[in-house]
Amino acid sequence: MATGRTHRPATRSRGIPEATVARLPLYLRALTALSERSVPTVSSEELAAAAGVNSAKLRKDFSYLGSYGTRGVGYDVEYLVYQISRELGLTQDWPVVIVGIGNLGAALANYGGFASRGFRVAALIDADPALTGRAVAGIPVQHTDDLEKIIQDNGVSIGVIATPAGAAQQVCERLVAAGVTSILNFAPTVLSVPDGVDVRKVDLSIELQILAFHEQRKAGEEAASARDDGVPAAVARKQSADKGPDGDVPAVMPA
């Protein structure tokens, strides 16, 4: 089986927009679920709903793949699974190293979804000597002193950084120098990389903060709606008009 070192996905050379590339895994997840249920074909509307996009956008995305479906029939599920997997480079073996085997790194190592999606955890690396040789998910942890040799021996082009923020940039630089050209960064910091190196950042705290913003906004809208529901508009306007610069105006003004 080919390794990630010698084969790269063809999406950029074929001019597929990055926004489309970002949606391909969503389509693949929905199609895989359909395939597991032995569903032979799917309409653009059904697949778009399952992937959480609108059908016009889906059809446009698939046009970049040269897949247009059949009128009245829809898309062949198995063929689309193969087509998208091939476009994403998932029909080959991608060896991955995880650097930083704390709680998050260990959880990633134990994640069972990598293998079924074309990724093989080739090595686990950590700077703590106490972890060296300890097996996590059946893989012995190796020390960062051997990082470059591990990358070269396993033909790794994808690295996952799950270290503390302070160590992430140095680890990144060593990975890149050793030949890694794609990095998935879980460390809460922005990495500086040279041209030709792709970085995807996953920051769980930022995602939670965004959700908190939306929750706060929804709570504010609900509170405003409750106030509006409790006070008729005409009364609200009169109450507003009856207020002077210093607060409520008495109903009867003193002589």
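**Exercise 1. Identify what covers the buried residues of α4, and describe this helix.**

Solution.
- Step 1. The cover of the buried residues of α4 includes α1, β1 (41-42), α2 (44-51), α3 (55-64) and β2 (75-76). Helices (H or I, at least four residues) and strands (E, at least two) are DSSP runs, numbered from the N terminus. The model is a predicted one, in which local features need pLDDT of at least 70 and side-chain atom pairs count only at pLDDT 80 or more, whereas totals for chains, interfaces and linings use all residues. Residues are numbered from 1 along each chain as its sequence is written, and side-chain values use heavy atoms, with hydrogens and water left out.
- Step 2. The buried residues themselves are V77, L80, V81, Q83, I84, S85, E87 and L88. Buried means under 20% relative accessible area, exposed over 50%, and partly exposed in between (1.4 Å probe, protein chains only).
- Step 3. An α-helix has 3.6 residues a turn, so residues three or four places apart point the same way.
- Step 4. The 12 residues of α4 reach 16 Å from the first C-alpha to the last, close to the 16 Å expected at 1.5 Å a residue. The expected span is 1.5 Å times one less than the number of residues.
- Step 5. At the start of α4, a side-chain oxygen of D76 comes to within 3.2 Å of the backbone nitrogen of E78. After α4 comes G89, with a positive phi near 80°.

**Exercise 2. Describe α1 and determine which elements its buried residues pack against.**

Solution.
- Step 1. Helix α1 has 19 residues and spans 28 Å from its first C-alpha to its last, close to the 27 Å expected at 1.5 Å a residue.
- Step 2. Its buried residues are T20, V21, R23, L24, Y27, L28, A30, L31 and L34.
- Step 3. These buried residues of α1 pack against β1, α2, α3 and α4.

**Exercise 3. Decide whether D61 is buried or exposed, and list its contacts.**

Solution.
- Step 1. D61 belongs to helix α3. Because its relative accessibility is 1%, D61 counts as buried.
- Step 2. Contact means heavy atoms within 4.5 Å. With neighbours within four places in sequence left aside, D61 is in contact with T20, R23 and Y27.
- Step 3. The side chains of D61 and Y27 are joined by a polar contact of 2.5 Å. Such a contact is a pair of N or O atoms within 3.5 Å; within protein, one must be able to donate a hydrogen and the other to accept it, and residues adjacent in sequence count only if both atoms are side-chain atoms.

**Exercise 4. Examine the positive phi values of S38 and A137.**

Solution.
- Step 1. Most residues other than glycine have a negative phi.
- Step 2. S38, a residue other than glycine, has a positive phi near 60°. S38 lies in the loop between α1 and β1, and because its relative accessibility is 63%, S38 counts as exposed.
- Step 3. A137, also not glycine, has a positive phi near 55°. Its place is the loop between β5 (135-136) and β6 (139-143). A137 is partly exposed, with a relative accessible area of 42%.

**Exercise 5. Characterise the largest pocket and the second largest pocket by volume and lining.**

Solution.
- Step 1. On a 1 Å grid over the protein atoms alone, a pocket is an open set of points where a 1.4 Å probe fits, with protein on both sides within 12 Å along at least five of seven lines; lining residues have an atom within 4 Å of a point. Grid points are joined across faces, edges and corners, and a volume is the space filled by probe spheres set on the points.
- Step 2. The largest pocket has a volume of about 1,800 Å³. Its lining has 41 residues, with P25, L88, L90, F119 and R200 nearest the centre.
- Step 3. The largest share of this lining, 8 residues, comes from α1. The lining of the largest pocket divides into 25 nonpolar, 7 polar and 9 charged residues. Ala, Val, Leu, Ile, Met, Phe, Trp, Tyr, Cys and Pro count as nonpolar, Asp, Glu, Lys and Arg as charged, and the others, Gly among them, as polar.
- Step 4. The second largest pocket has a volume of about 250 Å³. Of its 19 lining residues, G100, T163, P164, A167 and V171 are the closest to its centre.
- Step 5. In the second largest pocket, the largest share of the lining, 4 residues, comes from α8 (165-178). That lining divides into 10 nonpolar, 7 polar and 2 charged residues.
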